[in-house]
Amino acid sequence: MVTIRSDDFTRRDKVVLKTADETVNNNNSTQADDALLVALGANETWILRYFIKYNSNTTADFRYNIAVPSGTTYNALFQGDNDSGPLFYHRTTGDENVAGKGADWAFTVNVVVKTSSTAGNVVLHWAQWVANASDTKVLLGSNIVAHRLA
């Protein structure tokens, strides 16, 4: 049996909840999300689970990436779908395209992050894949659950 002290949760776990919708339109350059970020210390290893609720039309689609502090490495596993159906992929850098559905939709990304000697924020960046006058939104209720491994 493992005993967990109540203060272990506050030191080793973080939960970030998006409390309002955020909108971009006619823009395919990623921008930092206003809420979906986690501050990590130097020389730490974390697992982060992103649950992203979004709405984007089928022309604009949805572009995202994960920005990390200098020297940080990460491995991400995306679970969602694109225009051809279910999609799972592994990513260590760069932007990814998620299909716009013209309705509220969601995907998850599980990320293992190892910071170097530089502390800083791990931040979701996002935009439209194709600049379009319609609104693309990351919705209220999107969240990050982070657990420090080391």
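Are Tyr54 and Phe62 buried or exposed? I looked this up before anything else, and Tyr54 is buried, as is Phe62. My cut-offs here: buried is under 20% relative accessible area, exposed is over 50%, and partly exposed lies in between, with a 1.4 Å probe and protein chains only.

A note to myself on the model: it is predicted, so I took local features only at pLDDT of at least 70 and side-chain atom pairs only at pLDDT 80 or more, while totals for chains, interfaces and linings use all residues. Residues are numbered from 1 along each chain as its sequence is written, and side-chain values use heavy atoms, with hydrogens and water left out.

**Entry: aromatic rings**

I went through the rings next. I paired rings of Phe, Tyr and Trp (its six-membered ring) if their centres lie within 6.5 Å, calling planes under 30 degrees apart stacked, over 60 edge-to-face and the rest tilted. This rule gave me seven aromatic pairs. One of them is Tyr54 with Phe62, a tilted pair at 4.9 Å centre to centre with 35 degrees between the planes. I then turned to Tyr54 and Phe107, which are edge-to-face because their centres are 5.6 Å apart and their planes stand at 65 degrees. That pair links distant parts of the chain, with Tyr54 in strand β4 (residues 45-55) and Phe107 in strand β9, 53 residues apart. For strands I used DSSP runs (E, at least two residues), numbered from the N terminus. I noted Tyr54 as buried because its relative accessibility is 0%. Phe107 has 2%, so I put Phe107 down as buried too. I also found one aromatic cluster, formed by Tyr54, Phe62, Tyr64, Phe78, Phe107 and Trp126.

**Entry: salt bridges**

Which residues make up a network of salt bridges? I found Lys18, Glu22 and Asp33 linked in one. I counted a salt bridge where a side-chain nitrogen of Lys or Arg is within 4 Å of a carboxyl oxygen of Asp or Glu, and the whole structure has four. In the network, the closest N and O atoms of Lys18 and Glu22 are 2.7 Å apart. Glu22 is buried, at 8% relative accessible area, and Lys18 is buried at 2%. Asp33 also meets Lys18, at 2.9 Å from N to O. This second pair links distant parts of the chain: Asp33 is in strand β3 (residues 31-40) and Lys18 in the loop between β1 (13-17) and β2 (22-25), 15 residues apart. I can add that Asp33 is buried.

**Entry: Arg63 and charges over rings**

Arg63 turned up twice in my search. Its side chain meets that of Asp95 in a salt bridge of 3.1 Å, N to O. Arg63 lies in strand β5 (residues 62-67) and Asp95 in the loop between β7 (85-91) and β8 (96-98), so the pair ties together parts 32 residues apart in sequence. Arg63 is buried at 13% relative accessible area, whereas Asp95 counts as partly exposed at 29%. The charged end of Arg63 also sits over the ring of Trp129, 4.1 Å from its centre. I required NZ of Lys or CZ of Arg within 6 Å of the ring centre and within 35 degrees of the ring normal. Lys101 has its charged end over the ring of Trp105, 5.1 Å from the centre.

Conventions:
Helix = DSSP H or I, 4+ residues; strand = E, 2+ residues; numbered from the N terminus.
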